[in-house]
Amino acid sequence: MRFPFAPTKKIASHIIKHKLRKTPKFAITLQLEPLHTCNLTCTGCGRIREYSTSLKDMVPLEKCLEAAMDCDAPMVSICGGEPLIYPKIEELIAGLLEQKRFIYVCTNGMFMRKKMRDYLAAIYSPKLEPKLKKLLDGKLISDKEAEVIRKSDDAAKKKVVIRPTQWMYWNVHVDGLEFTHDLIVEREGVFKECVEAIKMAKIIGYHVATNTTVYRETEVQEIEDMFKYLSSLEVDGHTISPGYDYDAAKKDMVKRLGKDPKQFFLTRDMTRQKFAKIEEWAKAFTIVGTPVYQEFLAGKRELTCTAWAIPTFNVKGWKAPCYLMTDGHYGGYQEMLSKVQWEKYGVVNGVARDPRCEHCMVHCGYDPSGALGTNYQSGDNWKNIKYNFGAKPKPFPASPELEKRAYNGVTIGKGHLAEAKAAINSPAAGARGAFSHKEEEHAHVGSHCGTGDTSERDELLAKIKDAKKTDERAE
């Protein structure tokens, strides 16, 4: 099977049940955002910008679990922000598993290895030594970390931890190969950490998926190379979607980065061009999503948005009308269903009902449409069944050449901050004392990252720009 049988059966049964009951609108996947705090400031992300005044707020654990019960979606995507920052993330995952839900933990990967070490400490016995050896040989844990695992006390063994199960996937954010990914997340070294976290997870026995957003500047060949590399790591599935056209992200691009959003996000025609090979990729790699949605992305058919099937719950309540647009927040899922005028949104027969919907082809609005039979065409149901219950594609063969193509950024001295580092270390910049040692460190990591406060990074970029001007005058 392409995906684990039990979760696939659960989701299919949920859809069939509501179809038989003729339920007009129901949830398939809950986008649960327990917090919006993040340790990164990814270009194009609207969350830390839209909710900049509530980044320190968190949804209580009980309310998170109540939200899952409220909409009763069989699948929950825990996102944010960075969900592994949530203090009760282990309890949240455990609670959702007790509700018998299928879980995707959507993470940037930076805290994954720490959470997995906690799990190893909780279960440690001498039988674990072969896995520890593999992790040590792969330099995925240090000797010191291995000793901490071996010497775990009663408190560590009683700790609630994130355990491997067929009902949970790590869903790691990977937006391209090293240079591209580190550029989009605005920090060098993140791609390498993601890969190491994926490798560690696979050795331990977790299911791992990756989540990729495609932007205007994303090269199609790079997407294919990325899939080949991730497949060689034996990643279990890949979700991929066109770039999110957030209003908040667009404003941030103009103000903070001086970029034109039109040069970043995709139009519908561009999306179809980028995803022309999506069906071909789906045969070679384990792409998550229905073949019907893949046909939509490739421009072979139209679909009607069903954003209510993937609702979002966060610190403000039930966000509507969709994951990308906010026209209001509601106290309950059924209240949101009844009060939102759904006919005002989406694209029908090529005409956008709302200008903000014009170029959207994002999975949170359209992927469920393929599963629900919206714009049904003869053979769609068989197509979906055959895809999900068909054979899983074999991992792509690993090779030094593939590894070399993957690490095309900071690893070989060509990271997106290479120019900035050159400016920092230039004789002219040094002569005028442009940067302190502390500021050089912040060229990699801002201490305010994760709060939504980008002032430190903005100040650094301004100084880099000034240093470049100094170099030009010196020449």
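Start by selecting Thr-290 in this predicted model: leaving aside residues up to four places away in sequence, Thr-290 touches Asp-367, Gly-370, Ala-371 and Asn-384. Thr-290 sits in the loop that runs between helix 14 (278-284) and helix 15 (291-297), and because its relative accessibility is 9%, under the 20% cut-off, Thr-290 counts as buried.

Next, select residues 190-204, which make up helix 10. With 15 residues at 1.5 Å a residue, helix 10 should span 21 Å, and its end C-alpha atoms are indeed 21 Å apart, so expectation and model agree. If you colour helix 10 by accessibility, you will find it mostly covered, with 11 of its 15 residues buried; among them are Val-190, Phe-191, Cys-194, Ile-198 and Ile-204, and also the glutamates Glu-193 and Glu-196. Just after helix 10 comes Gly-205, where phi is positive, near 120°.

Stay in this region and step back to Glu-186, in the loop between helix 9 (178-185) and helix 10. Glu-186 has a positive phi of about 65° although it is not a glycine, and it counts as buried because its relative accessible area is 9%. For a second residue of this kind, move to Lys-139, which is likewise not a glycine and has a positive phi, near 55°. Lys-139 belongs to the loop between helix 6 (129-137) and helix 7 (143-150), and at 69% relative accessibility it counts as exposed.

Now turn to the aromatic rings, of which the model has 16 pairs. Select Trp-170 and Tyr-206, a tilted pair whose centres are 5.6 Å apart and whose planes stand at 55° to each other. This pair links distant parts of the chain, since Trp-170 is in strand 4 (residues 168-173) while Tyr-206 is in the loop between helix 10 and strand 5 (207-214), 36 residues apart. Trp-170, at 0% relative accessibility, counts as buried, and Tyr-206, at 2%, counts as buried too.

Go on to Phe-227 and Trp-281, an edge-to-face pair with 5.7 Å from centre to centre and 65° between the planes. Here again distant parts of the chain are linked, with Phe-227 in helix 11 (residues 220-232) and Trp-281 in helix 14, 54 residues apart. Phe-227 is buried, its relative accessible area being 0%, and Trp-281 counts as buried at 1%. To finish with the rings, select Phe-102, Tyr-104 and Tyr-169, which form one aromatic cluster.

Two peptide bonds are worth displaying with the backbone atoms shown. One is the cis bond that joins Gly-80 and Gly-81, with omega about 15°; Gly-81 is found in the loop between strand 2 (75-78) and helix 4 (89-98). Another cis bond joins Ala-320 and Pro-321, with omega about 10°, and Pro-321 has its place in strand 8 (residues 317-321).

For the last stop, switch to a surface view and select Met-1, Phe-5, Trp-382, Ile-385 and Phe-389, which make a nonpolar surface patch of about 530 Å². Which helix gives the largest share of the nonpolar patch? Helix 18 (residues 380-389) does, with three residues. Phe-389 lies in helix 18, and at 37% relative accessibility, a value between the cut-offs of 20% and 50%, Phe-389 counts as partly exposed.

Conventions: Residues are numbered from 1 along each chain as its sequence is written. This is a predicted model: local features need pLDDT of at least 70, side-chain atom pairs count only at pLDDT 80 or more; totals for chains, interfaces and linings use all residues. Side-chain values use heavy atoms; hydrogens and water are left out. Helices (H or I, at least four residues) and strands (E, at least two) are DSSP runs, numbered from the N terminus. Buried means under 20% relative accessible area, exposed over 50%, partly exposed in between (1.4 Å probe, protein chains only). Contact means heavy atoms within 4.5 Å. The expected span of a helix is 1.5 Å times one less than its number of residues. Patches are made of residues with over 30% relative accessible area and no salt bridge: like charges are joined within 9 Å, nonpolar side chains (Val, Leu, Ile, Met, Phe, Trp, Tyr) within 5 Å. Accessible areas come from the Shrake-Rupley method with a 1.4 Å probe; for residues, only the protein chains shown count as cover. A salt bridge is a side-chain nitrogen of Lys or Arg within 4 Å of a carboxyl oxygen of Asp or Glu. Rings of Phe, Tyr and Trp (its six-membered ring) pair if their centres lie within 6.5 Å; planes under 30 degrees apart count as stacked, over 60 as edge-to-face and the rest as tilted.
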